[in-house]
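I opened this notebook page to record what I looked up in the structure. The entries follow the order in which I went through it.

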Amino acid sequence: MRTDMASAADPVAPPPAGWQEARSRVYAVGLAAALPIVERPLAEADGHTLAEPLTTRTDLPAFPTSSVDGWAVRGAGPWRIVGRVLAGSAPAPLTEDGTTVEIATGAMVPEGTSGVLRVEESTRTPDGLVEGAPRATPDWRQPGEEASAGEELLPAGAPVDPAMIGLAASCGHDTLRVRRQPRAALLVFGDELLTAGPPGAGRVRDALGPALPAWLRRYGCQVRPTDVVGPVADTLPAHVAALRTALAGADLVCTTGGTMHGPVDHLHPALAALGADYVVNTVAVRPGFPMLLARLVGTDNRVRFVAGLPGNPQSAIVALVSLVAPLLAGLAGRAMPVLPHTTLAEPIAGRGDYTHLALVRRDPVTGTARPVRHVGSAMLRGLSLADGFAVIRPGTTGRAGDQVPVVPLPLLPGERAW
């Protein structure tokens with residue numbers, strides 16, 4: 001057990017962790033609990049993470065391959081046609097000068113070939129011979145031109161995407177060894193929440209129950225409809241029971257609401273009842289500082305995590321990008337996410353001693369970022385227009401023209417906003 005973790009049973013709350021420190025801390029515990037290695041067919045590997053380097057099983061190309069339609073010739077012309085070579089066949093060698101075979105793009109170049117003449121640059125003599133001048137640069141791909149057999153193409157920890165799947169297939173792989181994808185569950189706390197229809201009569205619509213599973217899937221988690229539970233009754237026994245059930249099948253349980261110490265905030269005592277240890281308990285970030293990440297070890301010795309997200313919707317997403325994203329990177333065996341930078345087109349206020357995560361939208365023409373409106377902790381309108389959060393460090397303000405880090409919002413696999 002990490003000595004810098006605090007037990008959830010400890011009634012003394014520590015000061016908030018710095019935002020950068022919190023991210024580093026949760027990444028480290030995630031990496032220490034990296035998920036098991038599994039083997040997946042290529043068609044099922046998208047969205048996983050390589051558990052070992054991708055190496056090629058053969059030279060790429062594996063044999064000399066024509067890059068054009070034309071004629072594989074030997075010696076000086078004109079050339080007598082002695083055959084045809086199509087892709088997918090192994091041709092006989094060219095053994096005599098002055099001979100040629102018709103060749104298709106992608107076909108194996110016969111042994112003895114001295115050049116490949118493009119079909120559009122060739123002519124035929126009245127007696128059927130081929131004439132023309134092959135280009136000085138050979139029009140075929142040499143074995144190993146792209147990679148040599150055994151060469152490392154991508155390192156362990158690289159995310160699997162369609163381009164990698166195609167590369168793996170091209171160099172002879174049928175399966176990939178990857179980290180198992182994390183299984184996530186969501187518990188929604190709050191008796192005041194409605195799950196259908198418009199808000200009213202003192203009750204508000206739950207916006208996080210429908211939205212958070214989609215965010216989690218964009219981070220590579222598996223979330224089934226049955227893994228989303230709520231609203232959970234505002235009692236301690238109900239919270240403990242819901243957490244215990246969710247933790248039985250999940251690597252990560254996210255909760256919404258209850259991260260403070262109000263009269264119906266039961267998350268902290270529920271974690272204490274389950275024997276959890278805090279990795280992070282509150283973060284010096286605005287909005288969203290009453291966030292937490294706790295670690296539990298089950299009777300099966302498997303490590304699980306609980307991410308306590310604030311109940312205010314935008315604050316919950318701040319907690320998601322601040323704590324859940326680096327945790328999941330660690331669990332998948334990926335590198336700690338490196339934040340891109342952007343130039344601010346307008347000033348953004350600081351938040352004193354707290355890191356300010358400010359919703360911004362990227363201008364694709366200028367490459368600059370502008371703050372969006374409607375960004376209160378309980379608001380989602382600004383979030384729906386944003387591409388990410390500009391990071392304004394403690395004790396600073398963001399001025400127009402400043403280069404600042406950005407936390408991108410999770411997108412579909414392969415999408416890149418920054």
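**Entry 1: two cis peptide bonds**

I began with Pro231, which I found in strand E18, residues 228-232. The model is a predicted one, and in it the peptide bond leading from Gly230 to Pro231 is cis, with omega near 0°. I then looked up a second cis peptide bond, the one that joins Arg286 and Pro287, where omega is about -5°. Pro287 sits in the loop between strand E21 (285-286) and strand E22 (292-297).

**Entry 2: positive phi outside glycine**

I next noted Thr282, which is not a glycine and yet has a positive phi of about 80°. Thr282 belongs to the loop between strand E20 (277-281) and E21, and I recorded it as buried because its relative accessibility is 16%, the cut-off for buried being under 20%. Asn301, also not a glycine, has a positive phi of about 70°, and I located Asn301 in the loop between E22 and strand E23 (303-309). Is Asn301 buried or exposed? Its relative accessible area is 65%, so I entered Asn301 as exposed.

**Entry 3: the chain as a whole**

I counted 7 helices and 28 strands in the chain. The radius of gyration is 29 Å, well over the 22 Å that the globule rule gives for 418 residues, so I described the chain as more spread out than a compact globule. Along the principal axes, the C-alpha trace spans about 100 × 55 × 45 Å. I also noted that 45% of the 418 residues count as buried, and that the chain exposes about 19500 Å², with carbon and sulfur atoms supplying 55% of that area. Among contacts with a separation of 6 or more, residues 24 or more positions apart account for 71%. For charge, I wrote down 36 positive and 39 negative side chains, the centres of the two sets lying 8 Å apart.

**Entry 4: nonpolar cores**

Which residues touch the most other members of the largest nonpolar core? In this core of 50 residues, I listed Leu216, Leu252, Leu293, Ile317, Val324 and Phe389. Helix H6, residues 313-331, gives the most to this core, contributing 11 residues. I followed Leu216 further: with neighbours within four places in sequence left aside, its contacts include Leu252, Leu320 and Val324, as well as Ala184 and Cys254. Apart from this core lies another of 22 residues, among them Leu187, Phe189, Leu274 and Ala294.

**Entry 5: three buried strand residues**

Thr255 is in strand E19, residues 252-256, and I took it as buried because its relative accessibility is 0%. Beyond four places in sequence, Thr255 touches residues including Leu187, Phe189, Leu243 and Leu267, along with Val306 and Leu309.

His356 lies in strand E25, residues 355-362, and counts as buried at 10% relative accessibility. With sequence neighbours up to four places away left out, I found His356 in contact with Arg286, Ile348, Ala349, Arg351, Ala390, Val391 and Ile392. I also checked His356 against Pro162, 194 residues away along the chain, and their C-alpha atoms are separated by 35 Å.

My last residue was Val406, in strand E28, residues 403-408, which is buried with a relative accessible area of 0%. Val406 and Ala390 are 16 residues apart in sequence, and I noted their C-alpha to C-alpha distance as 4.5 Å.

Key. Residues numbered from 1 in each chain as written. Heavy atoms only, no water. Helix = DSSP H or I, 4+ residues; strand = E, 2+ residues; numbered from the N terminus. Rg over C-alpha atoms; globule rule 2.2 N^0.38 Å. Buried < 20%, exposed > 50% of the residue type's maximum accessible area, 1.4 Å probe, protein only. Contact = heavy atoms within 4.5 Å. Areas by Shrake-Rupley, 256 points an atom, 1.4 Å probe, with all protein chains shown as cover. Lys, Arg positive; Asp, Glu negative; His and termini not counted. Charge placed at Lys NZ, Arg CZ, Asp CG, Glu CD. Core = buried A, V, L, I, M, F, W, Y, C linked by side-chain atoms within 4.5 Å.
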